[in-house]
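Subject: Structure for you to look at

Hello,

Here is the structure I promised to pass on. Please open it first, then read the notes underneath with the model on screen.

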Amino acid sequence: MDKPKLGYFDFDNYNRANGNLGNSQARGQAYASDGARDGTLQITSNRVTWGTGGTSGLMVIPPVANGEWEADLTLGDSYPEMVFRHVDGNNFLLIGLVSTGMECWKRLAGTYTKIGEKTGLTLSGTYRVKAKAILSAISFYLDSVWQFAVTETANQIGTGAGPRLRATNQFFDNFLVRPA
């Protein structure tokens, strides 16, 4: 992937040594979906993949609450997701790929609720996923093509973002964050 366009807040193509991402809260380090830090994500062949233990993700620091989040997601044995507007382990939004389309979920006070979806697609392989949020208006794109939009007031102050992976053959790469 080419370097990001001027104005991007953060970019990571994970082109560094293979190995565990570690357990600090610094940019590009691993965190568990329950908000606790762990080191279960790894870099393998310049992409992020799941290591061992539960679901994991990455925090991006400095934060963005209104803007755009983009990443290349590769489907594997399970479904890769991109978390955005992460407040803590019990409050965040995510967009995920499934074999038949895309799903958007919110986790509010620890409870998951599906808030939107695009069905009727046949997905396998790697896709560019983008979430664009301004206040309560959120739009979702697949390979630069608009798929669906939702209105959601939860987690508008959440600023963390990153991958959520559950299988060793899922990948997350070329992560971009741009403020609104």
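A good place to begin is F84, which touches W69, F92, L93, L94, I95, A131, I138, F140, G160 and A161, leaving aside residues up to four places away in sequence. Please keep in mind that this is a predicted model.

F84 is also part of a wider group. The largest nonpolar core holds 26 residues, and F84 is listed with W69, M82, I95, L97 and F140 as those having the most contacts inside it. The elements that each give two or more residues to this core include strand 7 (67-74), strand 8 (81-88), strand 9 (91-98) and strand 10 (101-108). Further along the chain, strand 12 (126-134), strand 13 (137-142), strand 14 (145-151) and strand 16 (171-179) do so as well. Strand 12 gives the largest share, 4 residues. As background, nonpolar side chains tend to be buried together in soluble globular proteins.

Next, the strands around strand 12. Strand 7 pairs with strand 12 in the antiparallel sense, over 8 bridges. Within this pair, G67 stands opposite A133 of strand 12. Strand 12 and strand 13 also run antiparallel, joined by 6 bridges. Here A131 has F140, in strand 13, as its bridge partner; both of these residues are among those that F84 touches. Strand 12 and strand 13 form a hairpin with 2 residues between the strands, and in this hairpin L135 takes a positive phi near 55°.

One charged residue is worth finding too. R107 lies in strand 10. Is R107 buried or exposed? R107 counts as buried because its relative accessibility is 15%, and the cut-off for buried is under 20%. The side chain of R107 makes a polar contact of 3.2 Å with the side chain of N90.

Finally, some totals for the whole chain. The protein chain has 16 strands and 0 helices. Of its 180 residues, 51% are buried. Among contacts with a separation of 6 or more, 60% are between residues 24 or more positions apart. The chain exposes about 8,000 Å², and carbon and sulfur atoms supply 50% of that area.

To retrace these notes on screen, start at F84 and go through its contacts, including W69 and F140. Then follow strand 12 to its antiparallel partners, strand 7 and strand 13, and end at the side chains of R107 and N90.

Regards

Note on methods
Residues are numbered from 1 along each chain as its sequence is written. This is a predicted model: local features need pLDDT of at least 70, side-chain atom pairs count only at pLDDT 80 or more; totals for chains, interfaces and linings use all residues. Side-chain values use heavy atoms; hydrogens and water are left out. A nonpolar core is a set of buried Ala, Val, Leu, Ile, Met, Phe, Trp, Tyr and Cys residues joined through side-chain atoms within 4.5 Å. Buried means under 20% relative accessible area, exposed over 50%, partly exposed in between (1.4 Å probe, protein chains only). Contact means heavy atoms within 4.5 Å. A polar contact is a pair of N or O atoms within 3.5 Å; within protein, one must be able to donate a hydrogen and the other to accept it, and residues adjacent in sequence count only if both atoms are side-chain atoms. Accessible areas come from the Shrake-Rupley method with a 1.4 Å probe; for residues, only the protein chains shown count as cover. Two strands pair if DSSP finds at least two bridges between them.
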